[in-house]
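Student: I should like to study this protein model with some guidance. May we proceed by question and answer?

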Amino acid sequence: MNARARSRAVIKAVLGPTNTGKTHLAIERMLGHASGMIGLPLRLLAREVYDRVVAAKGEAAAALITGEEKIAPESARYFVCTVEAMPLDRAVEFLAVDEIQVARDLDRGHVFTERILNARGFGETMLLGSDTMRPMIKKLLPEAEIIRRERMSTLAYAGPKKITKLPKRSAVVAFSAEEVYAIAELLRRHRGGAAVVMGALSPRTRNAQVKLYQDGEVDFLVATDAIGMGLNMDVDHVAFASRRKFDGRTWRDLRPDEISQIAGRAGRFTRDGSFGETGECEPFDEEIVERVEAHEFESIEAIQWRNEVLKFGSVEALIASLEKPPDRPGLMRVRGADDEAVLRVLAADDDLMDRVRSPEQVRRLWEACQLPDFRKLSQDEHARLAGRIAGYILSAKGRVPSEWVAAEVERLDRSEGDLDALHARLANIRTWTYAASRPDWLQDVEEWRARTREVEDRLSDALHNALTQRFIDRRTSALLKSLKREDALLAGISEDGEVTVEGHFVGRLEGLEFKPDPRTTSGLEGRAVRNAALRALRPEVSRRLMGIAHAADEEIELGKDARLRVSSAPVAKLAPGAPVLKPRLELIGADQAAEPERNAARERLERWLAQMVAHDLRPLVSLEAAWRDNKLPSDARGLAFRLIENAGALDAAHEDIEHVTEAGRAALARHGVRIGRHSIYLPALIKPRAAHTLALLWHAAHVNKPHPVFVARPGALSLALIEQRSWAECAAAGYRACGRIAVRLDLVERLAEALEAQPQPSDAALARLIGRPARELGAILSALGYRRVAQTEAAPAHWRRAPPRRRKPRPAPAAENAFSALANLLPPGAEAPRRRRSVPS
């Protein structure tokens with residue numbers, strides 16, 4: 001990209017903790033451009049993103065490029081890569097680099113730094129990572145736009161727990177293979193088993209182990225910090241079995257940001273997660289816990305850097321250019337990198353150096369030094385392997401002999417042995433998979449690429465099977481696998497909904513929902529039995545969904561529990577947060593049914609619900625239509641809007657109605673609105689059926705926690721409030737909260753009229769008016785703003801209402817007041833803006 005294009009390119013840094021949707025955002029942005037490239041920290045994550053791009057754009061448009069794998073059709077427009085393998089010589093409109101905080105890593109950091117500084121899309125560049133990188137972005141890329149993303153769920157500290165007492169859907173984190181295996185064995189004995197995820201596993205093995213966990217065959221995952229980057233799993237709790245790790249150079253304590261990166265795997269999307277300690281892990285300091293929960297960490301002040309302008313005139317010139325110090329603040333020259341260490345070892349080999357004469361040969365030597373150390377045996381062992389490869393590619397033929405490669409691959413192509421043997425073979429074959437990805441290293445490179453991939457897959461499957469056999473209880477595993485056989489477990493359902501598996505009662509089908517018998521075996525065996533039951537229920541659930549889709553109106557009813565019933569069986573519930581006049585439904589159960597069947601049933605129920613709203617709440621629907629169609633005088637529109645937004649009832653003390661003209665009041669009255677002394681309401685909505693419907697819809701729209709719906713019995717004049725209820729909640733049911741008594745809205749107005757009569761009726765008569773004993777009248781009238789005036793010579797004792805004071809509107813409807821004011825200012829015929837409802841994050 002030329003300098004002019006670089007200056008026009010937009011650079012965005014999207015920063016935030018885990019579970020903020022940063023990677024998802026980048027993928028969506030990339031697919032919105034004509035071409036794009038994304039660099040990811042893990043080969044496993046690159047494969048996952050590649051599959052998503054293929055699903056969205058097709059195989060011909062997508063490329064996958066990692067150190068060990070290359071799928072790059074000529075028509076590819078979207079390139080999914082590991083960060084190290086990004087083909088930066090290819091111009092793309094959009095480019096993203098994920099997990100940029102890895103730039104501080106001593107081994108890989110300099111590659112991420114180089115991408116931050118130089119990798120650009122000619123239309124848009126997006127850098128994704130932790131907020132700890134904010135100061136570095138400002139320092140290195142002052143022109144970049146920084147976007148902060150907040151976590152979509154809460155991460156909370158849950159304290160220490162024994163390994164055998166961990167909650168289901170937990171991931172246990174350790175930092176050595178021995179510790180991972182020991183914990184997995186303990187979970188096998190006590191909790192049925194665990195899947196294992198480690199960085200040393202191949203992507204295929206890791207995927208297979210993760211699938212065991214995701215499919216529910218095991219409820220526990222034991223892992224190294226390999227789960228800390230990008231692996232999306234349904235983990236509810238992360239338990240640290242250790243807080244010390246070996247970083248390739250020394251053992252050290254985890255930094256708070258590293259703890260957060262790993263613990264952040266708990267909770268997905270809007271579901272909250274937790275973290276804590278287990279085993280012999282020392283408790284986290286209170287300060288660390290607070291920082292992890294608040295996602296507040298020390299900023300990264302320096303990142304690893306390597307001179308990208310290398311000189312290949314000689315080996316000495318190459319080493320000197322690698323040692324060049326940075327000329328910008330915040331950059332730290334990388335020291336002790338594997339490839340530099342290998343280069344220095346090979347530079348001492350006189351025989352090899354005799355073959356290195358031209359700049360091209362120096363470049364080839366450097367490429368051999370960059371061979372990844374998958375085996376992790378020792379630096380000398382790795383240098384010997386790299387040196388041997390360098391000797392071959394620097395020879396006259398310039399290729400590694402096929403005979404040597406064949407012998408090595410043949411030696412590794414054995415799937416027997418224990419876990420350690422399989423691990424070792426897999427690490428070795430990954431070396432040759434990498435070599436086969438270099439077209440200038442091997443002859444018949446396509447043939448070797450297929451051969452090494454075949455052996456790696458075979459070893460990966462063998463290792464997965466070995467891990468499963470060792471760390472998952474065989475009896476439980478066999479039971480779970482039997483579910484895949486047609487004759488595995490015999491299950492059935494009786495006419496009255498009783499469900500049996502192998503002749504034993506395991507639960508009941510109520511409507512569309514299977515409710516298991518609590519006595520059914522717990523753990524994985526219990527899940528197996530329940531899965532068998534659900535499989536047997538699919539035809540019956542499909543039949544019931546079809547029955548709902550064709551149900552007659554008289555068969556459907558909305559109960560006081562906000563559930564819709566068809567033929568007395570609960571099948572759906574009101575969805576929370578929907579507008580009162582436009583409610584939505586959620587089916588109860590039938591989760592495993594086909595989506596078209598579910599949609600047909602839901603659409604039938606929502607159509608019935610819409611008809612019920614139009615019938616029962618006709619006055620409010622009519623008022624809403626008049627407001628929407630600008631058929632109200634301008635001075636009445638604001639009040640009408642607030643009535644619509646507040647389920648047809650307002651506290652008069654909170655409303656400024658003095659500006660409403662007689663014409664406006666008359667228009668509102670024609671639509672059934674009564675402006676009373678205490679309340680502004682629609683009397684037609686107080687009728688039992690309308691009040692019942694309105695109360696249920698208001699409750700679904702506004703109450704986000706389990707709380708009984710406030711609905712009075714039909715014809716009740718008043719009722720005692722057992723628990724505190726809000727004004728709006730009572731008003732939706734046609735009542736007004738007066739202290740601990742709820743009085744019907746129209747009776748409050750009749751009470752006010754009676755109090756204005758001369759002489760005033762007795763307290764007993766007033767109490768009878770609202771159906772309460774006389775002893776409760778004082779508290780009710782006090783709540784309405786009346787005070788008792790003592791008897792004087794001139795007048796008997798009586799009740800007097802304090803002069804009404806216009807109080808400030810309640811905080812909750814503030815936005816609505818703004819819309820009301822705006823509606824009043826609109827000229828006749830102008831359409832008012834629709835209020836946007838906020839959605840809880």
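**Overall build**

Tutor: The protein chain contains 29 helices and 34 strands. Please bear in mind that the model is predicted.

Student: What percentage of the residues of the protein chain count as buried?

Tutor: A residue counts as buried when its relative accessible area is under 20%. The protein chain has 841 residues, and the share of them that meets this description is 52%.

Student: Among contacts between residues at least 6 apart in sequence, what percentage join residues at least 24 apart?

Tutor: This count leaves out pairs of residues that are not at least 6 apart in sequence. Of the contacts that remain in the protein chain, the portion joining residues at least 24 apart is 66%.

Student: Is Leu31 buried or exposed?

Tutor: Leu31 belongs to helix α2, which covers residues 22-31. Its relative accessibility is 15%, and the cut-off for burial is under 20%. Leu31 therefore counts as buried.

Student: Which residues does Leu31 touch, not counting those up to four places away in sequence?

Tutor: Contact here requires heavy atoms within 4.5 Å. With residues up to four places away in sequence set aside, the partners of Leu31 are Val53, Ala56, Lys57 and Tyr78.

Student: How many Å apart in space are Leu31 and Arg77, C-alpha to C-alpha?

Tutor: In sequence, Leu31 and Arg77 are separated by 46 residues. In space, their C-alpha to C-alpha distance is 9.6 Å.

Student: Lys376 and Ala647 each have a positive phi. Which of these residues is buried?

Tutor: Most residues other than glycine have a negative phi. Lys376, with phi of about 55 degrees, lies in the loop between α13 and α14, and its relative accessible area of 62% makes it exposed. Phi is near 60 degrees in a residue of the loop between α22 and β27. With a relative accessible area of 3%, the buried residue is Ala647.

Student: Which residue does a cis peptide bond join to Gln758?

Tutor: Most peptide bonds are trans. Here omega is about -5 degrees, and the bond is cis. The partner is found in the loop between α26 and α27; the residue joined to Gln758 is Pro759.

Student: Is Asp354 buried or partly exposed?

Tutor: Asp354 lies in the loop between α12 and α13. Together with Asp349, Asp350 and Asp351, Asp354 forms a patch of negative charge on the surface. Because its relative accessibility is 47%, Asp354 counts as partly exposed.

Conventions
Residues numbered from 1 in each chain as written. Predicted model: local features only at pLDDT ≥ 70, side-chain atom pairs only at ≥ 80, totals over all residues. Heavy atoms only, no water. Patch = residues over 30% accessible without salt bridge, like charges linked within 9 Å, V, L, I, M, F, W, Y side chains within 5 Å. Areas by Shrake-Rupley, 256 points an atom, 1.4 Å probe, with all protein chains shown as cover. Salt bridge = Lys/Arg side-chain N within 4 Å of Asp/Glu carboxyl O. Lys, Arg positive; Asp, Glu negative; His and termini not counted. Charge placed at Lys NZ, Arg CZ, Asp CG, Glu CD. Helix = DSSP H or I, 4+ residues; strand = E, 2+ residues; numbered from the N terminus. Buried < 20%, exposed > 50% of the residue type's maximum accessible area, 1.4 Å probe, protein only.
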